[in-house]
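Q: Got a minute to go through this one with me? I'd like to start with the sheet and then look at the surface.

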Amino acid sequence: KGERISVIKTARLVVYDVPSVQFPGKSAGSLVYSDSFLDSAIQVDGSTGFHTHTMGISLTECIPAYTAWPGDAEEARIQLRLANELKNCTQGLLNDDAYLVISEKPQRWFKGKLTITDKRVVFEAPHFGYIDFPLEHTDSVQHYNAESSSALSFLLLKYSNALAARLPFLCRQSSRTIALALMPASPACRAFYKQVSPAWKMATGTVAAAITRPNGSFLQDIADLPAQFKE
């Protein structure tokens, strides 16, 4: 009697140095799982008298389930450099909200800020920080539009093998392709059609140096989405 009982419970699991399947002999990183629960109890007056109804309430269900962070000093320096570059960027072709779509099951959508400059595509989200796709390490970009004012537009970026190891683990796809979804009639969608698409299709100067490809146009319009992005 008078004893204080803690009703908050925490489950935590840490796995260090998970071996990489894609890159044998290297570590894919470390995994941390943690969840907090609150014991809840309420007295219910029923036909047979009072009884106690109990349940566990998750205190962390609104926190993103997938989060990546810099694993070493070099990655931290890259994140800082990107942050400074984007902060001082005054000639970006696009800088607005968009969604990053990871196709491999389970399919996941992450909302963040998309920035396109003459040399790179950068996606910033709370789950990953800055994800950098330099155009010189991007093999191709495909564009899909369902030709409807109420439909999403998609940019499909196929990145090079050299870039794969530098991406957050959750963004590494066997197809080496991620999608960026632009909401219909959004500022990002309008900026893409007004500035990005013409710049990529009629490249000159630094843009041309970054995206010139021997097999033709860097930006290709496609009539249908790949199957993995249709779910």
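**Sheet and surface**

A: Sure: Tyr99 has Ala181 in strand 10 as its bridge partner. This is a predicted model, where local features need pLDDT of at least 70, side-chain atom pairs count only at pLDDT 80 or more, and totals for chains, interfaces and linings use all residues. Residues are numbered from 1 along each chain as its sequence is written, and side-chain values use heavy atoms, with hydrogens and water left out.

Q: In which sense do strand 4 and strand 10 pair, parallel or antiparallel?
A: Antiparallel, over 3 bridges, between residues 94–102 and residues 177–182. Strands here are DSSP runs of E, at least two residues, and helices are runs of H or I, at least four, numbered from the N terminus. Two strands pair if DSSP finds at least two bridges between them.

Q: And what's the strand order in the open sheet?
A: 7-6-5-4-10-9-8-11, so 8 strands with mixed pairing.

Q: Which are the edge strands?
A: Strand 7 (129–134) and strand 11 (219–222), each pairing on one side only.

Q: Switching to the surface: where is Leu59?
A: Leu59 sits in the loop between strand 3 (49–58) and helix 1 (73–87).

Q: Why does Leu59 count as partly exposed?
A: Because its relative accessibility is 44%, and partly exposed lies between buried (under 20%) and exposed (over 50%), using a 1.4 Å probe and protein chains only.
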